Amino acid sequence: MVDTTIRNIKDHVGDEVRLKGWLANKRSSGKILFLQIRDGSGFIQGVVVKQEVSEDTFDSCKSLTQESSIIVTGVVRADKRSHSGYELSVTGIKVVSIAQEYPITKKDHGTDFLMDYRHLWLRSRKQFAILSIRAEITKACRDFLDGRGFTLIESPIITPSTCEGTSDLFEIDYFGRKAYLSQTGQLYAEAAAMAFGKVYTFGPTFRAEKSKTRRHLNEFWMLEPEVAFYNQDDNMKLQEDMIEFAVQKVLENRKYELKLLERDVTGLEKIKAPFPRITYTKAIQMLQEHGDDIKWGDDFGAPHEIYLSEQFEGKPVFVTNYPKKCKAFYMEPDADEPDTVKCDDLLYPGFGEIIGGSERIHDLDLLLSRIKEEKLPQEIYEWYIDLRRYGSVPHSGFGLGIERLVTCVCGIDHLREAIPFARTLNRVTP
Ligand code: 4AD
Ligand code: MG
């Protein structure tokens, strides 16, 4: 008898093993019971044959309610028909706790109901698969950056200033003073890049956006690399290499979860660098040729991004050089096209923006004039301006919204399922 997990069950074909988990579901056909068992590492079917087990064991299995916790023993058999590829011939069971009537059943519950029960919904196959893939993506991105000599730097969550615009800040009372929940770790990442060269921040970020779209959360996780001496082109190369690495790691290590999601992986196989690049100006022209009445200077809406993202044979596309007025104060103007800045948005096919990045202004006077132009309070940014006073260098970075990449990789249609406990306009619980 060996203790194991469903994930490792492939190493135990023919052995009697013990699993600790829960009963996800049960079916019975008189003398045979089919137990859907989950243990946090996967799902497996346990078969209980009346003639082959003690009466006690059969009755205990029969009396199990959905989500009862159990310790099961059984013999592992290969079974090509199941997701996991294996099945358990149950030999014994210990009931740890009989669950009360479980609110989530096989019937079709609405998403609102499921979000109210998010603390339980996490146990379902689909949510298990999505959040396991999320963990893989986060690990892959971090491994990628760590492997290239980046240093992880934690940025503060309580901040005195805005970075991405004033309209969507969560204000807090900080001992009688105003402070805000961080919209981005970028400004701190820039300071750290001047100390460590290649850095990234990774943490929760907050936007008080009152929009209710499938692409926005009010709390989301952002990974933000920042590199001294990188220009716009270096920055995009880093982005495409990292996205390719993360997606390919999911394909390699999360086959089982992708199968649970019934994900067609041909789209994911195309996520290979280099990604095509177009300018904003070219993108506007493409949209106009498509019959849209968008004008140069307008920001893109979701439908614009989706259209553009679908024109490049399944590859993500970089849209570069947006008009200065569409973007944040810190972006470096492009000398060749002075109304535009050296930025990029990476649009994922069929979805739209998953990354925003740019070269940062490194000239002291230019930064000061942009802060004035945007009517930002200079005193609060003095520390950030200092970075241009003491050994300023060109530098670039970007922010990847983790939930957006997870949504795209999993092929789901709303960000709220790509984070364990979503915070949206109408929801702060559970
Ligand atoms: O484009 P954004 O606003 O860029 C920044 O915050 C920069 N300071 C990043 C940097 O250069 N270090 O946000 C970056 C990414 C977006 O591309 C998107 O993936 C995600 O963050 N994002 C959101 N994700 C979920 N919900 C929201 N409300 C989001 N807003 C942005
Ligand atoms: Mg953006």
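Visitor: Which of the 23 residues around ligand 1 come nearest?

Guide: E164, Q186, E209, E224 and E353 do. A residue counts as near if one of its heavy atoms lies within 4 Å. The model is predicted, so local features need pLDDT of at least 70 and side-chain atom pairs count only at pLDDT 80 or more, while totals for chains, interfaces and linings use all residues. Residues are numbered from 1 along each chain as written, ligands from 1 in written order, and side-chain values use heavy atoms, without hydrogens and water.

Visitor: What makes the pair between E209 and ligand 1 a polar contact?

Guide: A polar contact is a pair of N or O atoms within 3.5 Å. A nitrogen atom of ligand 1 is 2.6 Å from an N or O atom in the E209 side chain, so the pair qualifies.

Visitor: Which atom of G401 lies 3.2 Å from an oxygen atom of ligand 1?

Guide: A backbone N or O atom of G401 does. Taken alone, ligand 1 exposes 620 Å², and the protein buries 94% of that. Such areas come from the Shrake-Rupley method with a 1.4 Å probe.

Visitor: How is the shell around ligand 1 divided by class?

Guide: Into eight nonpolar, seven polar and eight charged residues. Asp, Glu, Lys and Arg count as charged; Ala, Val, Leu, Ile, Met, Phe, Trp, Tyr, Cys and Pro as nonpolar; the others, Gly among them, as polar.

Visitor: Why does the lining of the largest cavity, with T159 and C163 in it, have no charged residues?

Guide: The lining is T159, S161, T162, C163, S182, Q183, T184, L187 and Y188. None is Asp, Glu, Lys or Arg, so none counts as charged.

Conventions
Polar contact = N/O pair within 3.5 Å; in protein donor to acceptor, adjacent residues only side chain to side chain. 1 Å grid on protein atoms, 1.4 Å probe; cavity = no way out; pocket = protein on both sides within 12 Å on 5 of 7 lines; lining within 4 Å.
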